[in-house]
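Dear colleague,

Please find below the structure that I am handing over to you. My notes on what was found in it follow directly after it.

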Amino acid sequence: MTEATFMGVPREKIMWHPTIDYAKCTFCMECAAFCPHRVFEQREGDRRLVVANPNNCVVFCRACSKTCGPDALSFPEKQATIAAIKQIREQESVQ
Amino acid sequence: MKTAVLSCTGLDKPEGSVAREVAIRMAAVADSEIVCPVLLNRSLARYKKVFAESSLIVVDGCSTRCASKLAESLDLKIDRKVLIAGALKSSGMTLEPTLRLASNGEALAKTIAEGLAQSFLAPAPALPSGASSTEFPLPGDYMVVTHDKFEFRIPAAGYWFNENDVWVRPIGDVARIGISDYMQQSLTDINFVDAPAIAQAVEQFGELGTLESSKAVFEVVAPVAGTVVAVNPEVISNPTLINEDPYGKGWILELKLSNWPGDQELLLNSDAYAKTVKHKAEEA
Ligand code: SF4
Ligand code: SF4
């Protein structure tokens, strides 16, 4: 796999992925079935669903949260993520 | 035209009780027909006549969207959708944690039903929902990215893309927005467009409504900042236009640009987007 970038910034430097609120999640697995990027994984035990591959998540996508009935998925603030991306781009172009 | 409201039963979550109340109120204020989802699921024939005569409004309580999914599974044409959980968020209210409708839920249902009744009974005249007077010439030339037996077209010039597969075609200080051929094919047939309101302002990478197909719900991520000046009425009534002609007749909306060319810094040109599509197609 080639290294993933988003707007020229290495993907792993960008904070963007769903966070599961385990107080709300009913483990219906709709989100896991919905997302084609293997972000979620099912596990044994209490927390039967985890965000296993956060960097597979498409930056600014929030689609899985629109399938979640109990509203258990949250994302970072877009503006904060954009500001961080711009900052990294500036730093890299200075070098 | 008459209206019919298919809503969630309200027996799972407080949001559902609000959805149910919206249907009941619409019957009272707009003489709208109530479609019971449980009965509909048993007997489509019972509502055949209602659907033939009415615009269908679907009210979902939560994002599980049982009512929408039922409508889609029966191939019903949906004219308007309301998601109570979404309306609740934008209202800043909270619901009492009970299935029996309480005062906040009632207030929310009242606001929603009145808004719906108004837009169906007395559509505002001369709503600027159509295209602006700006001419948007069709792309002259296309680049084609191939992967297996799939072909994804990308206009060779004049279009800019974000990495969320949304294009922008700026002409002067107005721009058209739509989704790429690649995204249109990934979504398969689009059956519902939830467009933002005219005059709504959006930041770059903010949300410009959603598209729904039987496969997915897609958030239209704004490629540029601006104010919505037009929504394509043809795409609203016939969403598969986006599949048929994603860069032409399938445009979704027009924005008055507020930060162009500044926004361009974070967009891809056709060459760069072609590489992105290739990469995405290989990974999918
Ligand atoms: S869709 Fe929501 S409730 Fe269902 S498993 Fe995912 S996070 Fe949990
Ligand atoms: S936001 Fe999109 S890419 Fe990320 S996990 Fe959800 S569906 Fe997958």
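**Helix α5 of chain B**

On one side of α5(B), the residues B:Lys89 and B:Ser90 are exposed, this being the side opposite the buried residues. Please bear in mind throughout that this is a predicted model. The helix spans residues 84–91 of chain B, and its buried residues are B:Ile84, B:Ala87 and B:Leu88. These three lie on the same side of α5(B), because the arc that they cover around the axis is only 105°. As a general point, an α-helix has 3.6 residues a turn, so residues three or four places apart point the same way.

The cover over the buried residues of α5(B) includes two helices of chain B, α1 (14–30) and α6 (103–121). It also includes the strands β3 (54–60) and β4 (80–83) of that chain. After α5(B) comes B:Gly92, which has a positive phi, near 75°.

**The interface between chains A and B**

In the contact between the two chains, 26 residues of chain A meet 24 residues of chain B. Together the chains bury about 2000 Å², and 50% of this area is on carbon and sulfur atoms. Of the area that chain A buries against chain B, 27% is supplied by A:Met7, A:Lys66 and A:Gly69, which is more than any other three residues supply.

Between chain A and chain B there are 7 salt bridges. A:Arg62 forms a salt bridge with B:Glu219, in which the closest N and O atoms are 2.9 Å apart. The residue pairs in polar contact between the two chains, with both residues at pLDDT 80 or more, number 10.

Which elements give two or more residues to the side of chain A that touches chain B? They are β1 (5–6), α1 (30–34) and α2 (78–94) of chain A. The largest share comes from α2(A), with 5 residues. By type, the residues on this side of chain A comprise 12 nonpolar, 6 polar and 8 charged.

**Residue B:Thr146**

A further residue that I would like to bring to your attention is B:Thr146, which is located in strand β5 (residues 142–147) of chain B. Is B:Thr146 buried or partly exposed? B:Thr146 is partly exposed, since its relative accessible area is 42%. Leaving aside residues up to four places away in sequence, B:Thr146 touches B:Glu151 and B:Lys278. The C-alpha atom of B:Thr146 is 9.4 Å from that of B:Val277, although the two residues are 131 residues apart along the chain.

With kind regards

Key. Residues numbered from 1 in each chain as written. Chains lettered and ligands numbered in written order. Predicted model: local features only at pLDDT ≥ 70, side-chain atom pairs only at ≥ 80, totals over all residues. Heavy atoms only, no water. Contact = heavy atoms within 4.5 Å. Buried area = accessible area lost by both parts, 1.4 Å probe. Salt bridge = Lys/Arg side-chain N within 4 Å of Asp/Glu carboxyl O. Polar contact = N/O pair within 3.5 Å; in protein donor to acceptor, adjacent residues only side chain to side chain. Helix = DSSP H or I, 4+ residues; strand = E, 2+ residues; numbered from the N terminus. Nonpolar A, V, L, I, M, F, W, Y, C, P; charged D, E, K, R; others polar. Buried < 20%, exposed > 50% of the residue type's maximum accessible area, 1.4 Å probe, protein only. Arc of directions from axis to C-beta.
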